[in-house]
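The report below follows the architecture from a single loop residue outwards to helices, sheets and the contact between chains. Please read it beside the sequence and the structure.

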Amino acid sequence: MENIIEMKNIVKKYKGFELNVPEFNIPKGFATALIGENGAGKTTLLDIMAGVNLDFKGEINYFGKFGNADEGDVREKIGYTASTSFFMPHWKIKQVSEVCSLLFESFDPEKFDRICTDLSLKTEQTKEKKVSELSDGNKMRLMLASVFARRDTSVLMMDEPASPLDPVMRDNLCDMIREYLSEDNGNRSVVFSTHNISDMENVTDYAVVVAKGKIVEQGFVEDLKEKYISVKGEPSDAEKAKKFMLTFSQSKYGFEGICLAENLDKLAGMDISTEAPGLHQISVAVMKANM
Amino acid sequence: MKIMQNSGEPIYKQIAAQFRDDILAGKMENGEFLPSIRGLAKDLKISVITTLKAYEELEAEGLVTAVQGKGYYVNARDTEMLREQHLRKTEELLLEAIAAAEIAGMTDEELKNTLDTLLRLKGEE
């Protein structure tokens, strides 16, 4: 498995918070999701990766050749969106296009216009508005249009792109990510952070769970779905089962939760039902276990 | 290809099963390339890793072969093994039929007659 970005011994300290990542790689050709609670360190990690935050300790390697984001054509290859709009508040859509054309060689104004039209940013109500007058959802659409309109990026890094979007737009975003990955023979990758795990599950290949500044679980989603298992059982077995479960809840009708598949044999003899958990269940279980 | 999100059967298994059926039924020929992993993921609205896992399963079964940078092509040369798989599937389904017949209280004779009738009807098609 090739990596597009490799990081070692990344440390970033703020008052009362430390991001500490001994080793972390982004696999090439896949969509990687950073999952975690507010304040877990997802944005810090993403900003370091994107070259937005250069004030950190540790090593980072881009595309197997460059040691920081300012070397070579790294910045031309990375498309980055923040969780809130980074455009000047008084710009209109047309000026966003003009500025992006100046900043990035491979920015395609026609593609930008096309995407803006697809994302309903060119309606009578929105096309003449200033950035500051757009809703949060439309601000995010505008940022997305600005990165998807660049022809030569190899990786998109998006901080909470789904959060301000409505359900239909989230679905569109997933389609856009899959289409992006399908171009250029598997040489393109995507990294995004998200709270909307269920909405993004069908576009997530590699999941990374961050808690309190550390990576507490990571893996390809299909592997994680085999590592963890969702268990439901009878009230009489609850006490005995509890100590083998990562998450556990109980009612008078029975118990349920997530356990490691390798611990399933410890529940042998109990009347239980099992199923493969979704990414949402797995993530919540891992986060709770690391609280 | 029909993918059910909530059927309980993992999506990668559903995909592998449909390609397996097409390959075993001869609808996909030896040498023919499967759709690209990321193209299929896009068309089916699922993640890349899910399609990759489906293809890896087919590869493990010896139905397709991966070529670095080019994708997966049908390579079901081992016809004996394919026949074996068909035989196993036939047995499984017959066992299922026998179980259902037992629940319905059919005698062995009635079950055999039913099978004969079905075979005859199929022959007349």
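## A loop residue and its surroundings

Ser120(A) lies in the loop between α4 and α5 of chain A, where helices (H or I, at least four residues) and strands (E, at least two) are DSSP runs, numbered from the N terminus. This is a predicted model, in which local features need pLDDT of at least 70 and side-chain atom pairs count only at pLDDT 80 or more, whereas totals for chains, interfaces and linings use all residues. Residues are numbered from 1 along each chain as its sequence is written, and chains are lettered from A and ligands numbered from 1 in the order in which they are written.

Ser120(A) is partly exposed, because 14 other C-beta atoms are found within 10 Å; a residue is buried if 20 or more other C-beta atoms lie within 10 Å of its own, exposed if 12 or fewer, and partly exposed in between, with C-beta atoms placed from the backbone. Although Ser120(A) and Arg141(A) are 21 residues apart along the chain, their C-alpha atoms are separated by 8.9 Å.

## Helices and core

The helices on either side of that loop pack on one another: α4 (residues 109-118) and α5 (residues 136-148) of chain A make an angle of about 145°, with axes 9 Å apart. Axes here are lines fitted to C-alpha atoms, for helices over the stretch in contact, and angles run from 0 to 180 degrees between N-to-C directions. On the side of α4(A) the contact is made by Phe112(A), Ile115(A) and Cys116(A), and on the side of α5(A) by Ala145(A), Ser146(A) and Phe148(A), contact meaning that the C-beta atoms of two residues, placed from the backbone, lie within 7 Å.

Ala145(A) also appears in the largest nonpolar core, which has 108 residues and in which Ala145(A) and Met157(A) have the most contacts. Such a core is a set of buried Ala, Val, Leu, Ile, Met, Phe, Trp, Tyr and Cys residues joined through C-beta atoms within 7 Å. Leaving aside neighbours within four places in sequence, Met157(A) touches Leu46(A), Met49(A), Ala50(A), Ile78(A), Tyr80(A) and Val191(A).

Leu46(A) and Met49(A) are among the buried residues of α1(A), a helix spanning residues 42-49 with 7 of its 8 residues buried. The buried residues of α1(A) pack against strands of chain A that include β1 (3-14), β2 (17-27) and β3 (31-36). After α1(A) comes Gly51(A), with a positive phi near 75°.

## Sheets and strand pairs

In chain A, 6 strands form an open sheet of mixed pairing in the order β5-β6-β7-β3-β8-β9, two strands being paired if DSSP finds at least two bridges between them. The edge strands, β5 (78-81) and β9 (214-220), each pair on one side only, and neighbouring strands are turned by 15° against each other on average, direction ignored. Onto this sheet packs α1(A), which touches β3, β6, β7 and β8 of chain A and whose direction makes about 155° with that of β7(A). Likewise α5(A) packs on the sheet, touching β5 and β6 of chain A, at about 175° to the direction of β5(A).

Another open sheet of chain A has 4 strands with antiparallel pairing, in the order β11-β12-β10-β13. Its edges are β11 (249-251) and β13 (272-275), each with a single partner strand, so one side of each is left without a neighbour in the sheet.

Three antiparallel pairs are set out here.

| Strand pair | Bridges | Opposite residues |
|---|---|---|
| β8(A) and β9(A) | 6 bridges | Val209(A) and Glu217(A) |
| β10(A) and β13(A) | 4 bridges | Ser230(A) and Glu275(A) |
| β1(B) and β2(B) | 4 bridges | Thr65(B) and Tyr73(B) |

The hairpin of β1(B) and β2(B) has 3 residues between its strands, and in it Gly69(B) takes a positive phi near 80°.

## Positive phi outside glycine

Most residues other than glycine have a negative phi. Phe63(A), however, has a positive phi near 55° and sits in the loop between β4 (57-62) and α2 (74-77) of chain A; Phe63(A) counts as partly exposed because it has 19 C-beta neighbours inside 10 Å. Glu160(A), with a positive phi of about 50°, belongs to the loop between β6 and α6 (167-182) of chain A, and is buried, with 21 other C-beta atoms within 10 Å.

## Between the chains

The contact between the chains takes 14 residues from chain B and 16 residues from chain A. On the side of chain B that touches chain A, α2 (37-44) and α3 (48-60) of chain B each supply at least two residues.
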